[in-house]
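Welcome, and thank you for taking a look at this one with me. Here are some notes to read alongside the picture.

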Amino acid sequence: MKSQWCRPVVMDLGVHQLRHFSISFLSSLLETENTSVRLDNSSSGASVVAIDNKIEQAMDLVKSHLMYVVREEVETLKEQIKELIEKNSLEQENNLLKTLASPEQLAQFQAQLQTGSRPVTTQPPAQPAFQGSGPTA
């Protein structure tokens with residue numbers, strides 16, 4: 001009989017300690033040292049509401065932090081995707097140019113790569129066509 005009476009007291013004490021720990025933890029998490037929440041046995045309903053409010057605030061804080069981190073990661077991944085698309089495009093262009101180049105041009109290019117010199121063009125650059133209002137004969 002004595003053990004039956006002892007269990008509710010121990011449980012009430014455990015619940016009280018758990019509530020106190022939860023409030024202390026959430027207060028430190030939310031940095032609300034100035035606003036203290038007090039537990040009263042007579043106002044356990046109000047303390048539960050206060051705990052629920054603190055938990056909701058903590059969850060909102062975690063949610064906003066996660067959203068910020070996810071947005072940063074998305075921006076980083078978008079930049080990496082752009083770089084990879086550009087690299088892929090350049091590789092495709094390079095492969096196309098290799099297939100269109102003659103064996104002599106490829107040999108010349110390889111030789112220039114080994115010596116470290118810039119490629120020499122055999123044709124002069126194309127001159128732009130002027131379409132102006134110059135004198136006509």
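1. A starting point for what follows: a residue counts as exposed when its relative accessible area is over 50%, as buried when it is under 20%, and as partly exposed in between. Lys-82, at 55% relative accessibility, is therefore exposed. Please keep in mind that this is a predicted model.

2. Now the overall layout. The protein chain has 3 helices and 0 strands, so that its elements read α-α-α from the N terminus on. Of its 137 residues, 7% count as buried. The accessible surface comes to about 12700 Å², with 59% of it belonging to carbon and sulfur atoms.

3. How confident is the predictor? The mean pLDDT of the protein chain is 74, and 54% of the residues reach 70 or more. Confidence is highest in H2, at a mean of 93, and lowest in helix H1 (residues 2-30), at 54. Residues 1-11 have pLDDT below 50, and this stretch makes 0 contacts beyond near neighbours in sequence. Residues 32-37 are also below 50, with 5 such contacts in the model.

4. Helix H2 covers residues 44-100, which is 57 residues. From first C-alpha to last it reaches 83 Å, close to the 84 Å expected at 1.5 Å a residue. Its buried residues are Ser-47, Ile-51, Lys-54 and Ala-58.

5. A record adds something here: an unreviewed UniProt entry places a "coiled-coil region" at residues 67-94. In the model, that stretch is 100% helix and 0% strand, and its end C-alpha atoms lie 40 Å apart.

6. Where are the salt bridges? A search of the whole structure finds 2 of them. Side chains of opposite charge can pair when their charged atoms come close. One salt bridge joins Glu-75 and Lys-78, whose closest N and O atoms are 4.0 Å apart. These two residues are 3 apart in helix H2, which means about one helical turn separates them. Both are partly exposed, Glu-75 at 47% and Lys-78 at 45%.

7. Lys-82, met in the opening point, forms a salt bridge with Glu-79, again with closest N and O atoms 4.0 Å apart. Both lie in helix H2, 3 residues apart, or about one turn of the helix. Glu-79 is partly exposed, with a relative accessible area of 41%, whereas Lys-82 is exposed.

8. Finally, helix H3 takes in residues 103-115. Its 13 residues should span 18 Å at 1.5 Å a residue, and its end C-alpha atoms are 19 Å apart, which agrees. Just after H3, Gly-116 takes a positive phi of about 80°.

Technical notes. Residues are numbered from 1 along each chain as its sequence is written. Side-chain values use heavy atoms; hydrogens and water are left out. Helices (H or I, at least four residues) and strands (E, at least two) are DSSP runs, numbered from the N terminus. The expected span of a helix is 1.5 Å times one less than its number of residues. Buried means under 20% relative accessible area, exposed over 50%, partly exposed in between (1.4 Å probe, protein chains only). UniProt positions are given in the numbering used here, feature names are shortened, and annotations may be inferred rather than shown by experiment. pLDDT is the predictor's confidence in each residue, from 0 to 100. Contact means heavy atoms within 4.5 Å. Accessible areas come from the Shrake-Rupley method with a 1.4 Å probe; for residues, only the protein chains shown count as cover. A salt bridge is a side-chain nitrogen of Lys or Arg within 4 Å of a carboxyl oxygen of Asp or Glu.
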